[in-house]
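Please look through the model shown below, with attention first to its largest pocket and then to two places where helices pack against each other.

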Amino acid sequence: MFNVEQLSLQESLTAAGPVATLGELLPLLKRGEAVVVPDGTDGGTRAALLLPRDAAFLETAFSGRPAEPAASLLADSPYLSRIVRLEPGQSAADAVAALEAEPTGGGRPLLVRRPDGSWAGYIEPDALLAFALAERRRWQAYFATLSDTVTDAVTVVDRNGEVICWNPAAEDIYDLPRADIVGRRIGEHFETETLMVLKILDEGRLIRNAYHRPREGTHVLISASPVRGPEGEIIGGIAAEQDITQLVKLNEQLTSAHTFSHQHKAADPGLFSFAKGRGLALGRVMQWAKKVAAADTPVLLLGESGTGKEQLAQIIHGYSPRAKEAFLTASCGIVPAGLLETELFGFRGGAFTGSEGGQPGLLEQAKEGTLFINEIDRMPPELQAKLYGYLSRETFRRLGDSRPIAARARIVAASTADLDALVREGGFRADLYYALNVVSVALPPLRERREDIPAMLQMYLKQFSLQYQKPLPALSPEVMLAFANYDWPGNILELRNVVERCVILCDGDLIAMEQLPPALQARQPSLEAEPAAVADPGPPPVVGAAADAADGIADAELKPLKASAGPSEELRLIRDALARTAGNKSAAAKRLGISRGTLYNKLKELGLE
């Protein structure tokens, strides 16, 4: 995971020949040189390493035998050191760190050999111990910083379930200080059967992005893994939990919308009701829009494509004194440049046809109302000059006519481009820009107002359920997370289209991941977990029921309603299924192994409607 720090070797090392005698080596040792005596094989794992401090003892221990080969004299001696062989491109530090067994024996140095067979050097036991301790401290510092930095709750337990790491995010999610849990068994604070980190100690399997409810009112996505020792044995477990409690609550708000009547569409309490959301960004836009609505000045709306500029223009018109007058729109990006002038300003009779009356443009048709001009940055320069003339004099001329026509239509213009930059570059008329920019409102992209997504989802789900005459669907937890994590480059328009697609493709009362466009599916984590990973002792929340319906229910969890069951047994099984699915009848019917229609009939028979 982390690179190993550099390991310093003693590189002054003389390699003795295979027939070198002890008498030939002693002078080298006395001169302060270290000598390695190989065993004569390339595949050997140990070799005798003689250090200057060993000279006096060797001379005494082997007195009278100086002519004998050193390799045979030292074959079984305490001077044997372990050899670490480097792989191509591998450093000595990496090779030592990768050792799985005790690196030295008998307190002897560790020898390091290069891939070509030459000796890289040796390291003394005390230096090796200092290196190991420094690495341990460094890794501890990295892990502590990492666990304190991530926004997920990180829990680490040893083999006995004792907590050895509890990061600040875990303190926040569970309102449990580190001092109160570290060093204690995790089961003292949580119900043992609900703890994923204990399950992996027993089962030894990896869990990724599984929905989990560790305690009442707390919902998380958990990824957990066993920690294994050098021999592959489980020595602990680590879990990272992403708090999705707020998402689940928002999802429950959406599913509670089943009370909405499909026969009676409620009237909007105000023209601003379409702009669903409670975020600060949207709130500021709405405040500005309401203030601007009361004035008669031009308005410039800026924002990415799909952020709702035309809708905001309609809101400004609806809250203005002109609300009872016409609201007309023109798009400079759709109408060909040659026709845009007649679209906006009209033409004189006889200019193009034999008609004497001519054709009024949108400015005349709007009268005392509002004209919304979209993509104004794409308006040709000559028309920019003509529009500026109207804004400054409130008069204009039809194409082919010399007579001025008075008009009082309010102009609301919109652009996805940076008009200020275009003015500096000469791509847009400065006089028109300043005339329009009396008040400008910047609409935030959807990725900057994610807190508004749940309310907008609820609105669009209701709208398209009515339009397509379908039951109002709920969202599986995977889908809710996908909507929250996606960047929405197409903004509100893309969100609306995705919801419409989901409602069209949804056959039941639950929208699942497979109904999302591939772009949303590709970048989202899967919440699918093995049955044991989503076990829960009590009735799950609505999102849990949705997960059951989306992912399927394991055979071991199914409790089929048998034809031979008596009324009391039927009543017990149906109540249990409804409790476990939080009242979701489709999921309950699937658990019972019957159709939803059969379940409704049973509910009626047993008086459980």
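In this predicted model, the largest pocket encloses about 930 Å³ of space. Its lining is made up of 32 residues, and those that lie nearest the centre of the pocket are Trp139, Phe143, Val156, Ile164 and Ile238. Several elements of secondary structure each supply at least two residues of this lining, namely helix H5 (125-149), strand E7 (153-158), strand E8 (163-166), strand E10 (218-228) and strand E11 (234-243). Of the contributions to the lining of the largest pocket, that of H5 is the largest share, at eight residues. Sorted by class, the lining of the pocket comprises 20 nonpolar residues, together with six polar and six charged ones.

From the pocket we turn to the helix pairs. Two packed helices are described by the angle between their axes and by the distance between the axes.

Consider helix H11 (residues 337-345) and helix H13 (residues 381-393), whose axes come within 10 Å of each other and cross at roughly 15°. Because angles under 35 degrees count as roughly parallel, H11 and H13 are described as roughly parallel to each other. The crossing in which H11 passes H13 is right-handed. On the side of H11, the contact is made by Leu340, Glu341 and Phe345, and on the side of H13 by Leu383, Lys386 and Leu387. When the residues of this contact of H11 with H13 are divided by class, four are nonpolar and two are charged, with no polar residue among them.

The second pair consists of helix H16 (residues 453-467) and helix H18 (residues 491-505), whose axes come within 9 Å and cross at roughly 45°. How are H16 and H18 oriented to each other, parallel or oblique? An angle over 35 degrees but under 65 falls outside the roughly parallel and roughly perpendicular ranges, and H16 and H18 are therefore oblique to each other. H16 passes H18 in a crossing that is right-handed. In the contact, Met456, Leu457, Tyr460, Leu461, Gln463, Phe464, Ser465 and Gln467 of H16 meet Ile492, Leu495, Arg496, Val499, Glu500 and Val503 of H18. The residues of this contact of H16 with H18 fall into nine nonpolar, three polar and two charged.

Methods. Residues numbered from 1 in each chain as written. Predicted model: local features only at pLDDT ≥ 70, side-chain atom pairs only at ≥ 80, totals over all residues. Heavy atoms only, no water. Axes fitted to C-alpha atoms, helices over the stretch in contact; angles between N-to-C directions. Helix = DSSP H or I, 4+ residues; strand = E, 2+ residues; numbered from the N terminus. Parallel < 35°, antiparallel > 145°, perpendicular 65-115°, else oblique. Left-handed = near helix turned anticlockwise from the far one by under 90°. Contact = heavy atoms within 4.5 Å. Nonpolar A, V, L, I, M, F, W, Y, C, P; charged D, E, K, R; others polar. 1 Å grid on protein atoms, 1.4 Å probe; cavity = no way out; pocket = protein on both sides within 12 Å on 5 of 7 lines; lining within 4 Å. Points joined across faces, edges and corners; volume = space filled by probe spheres on them.
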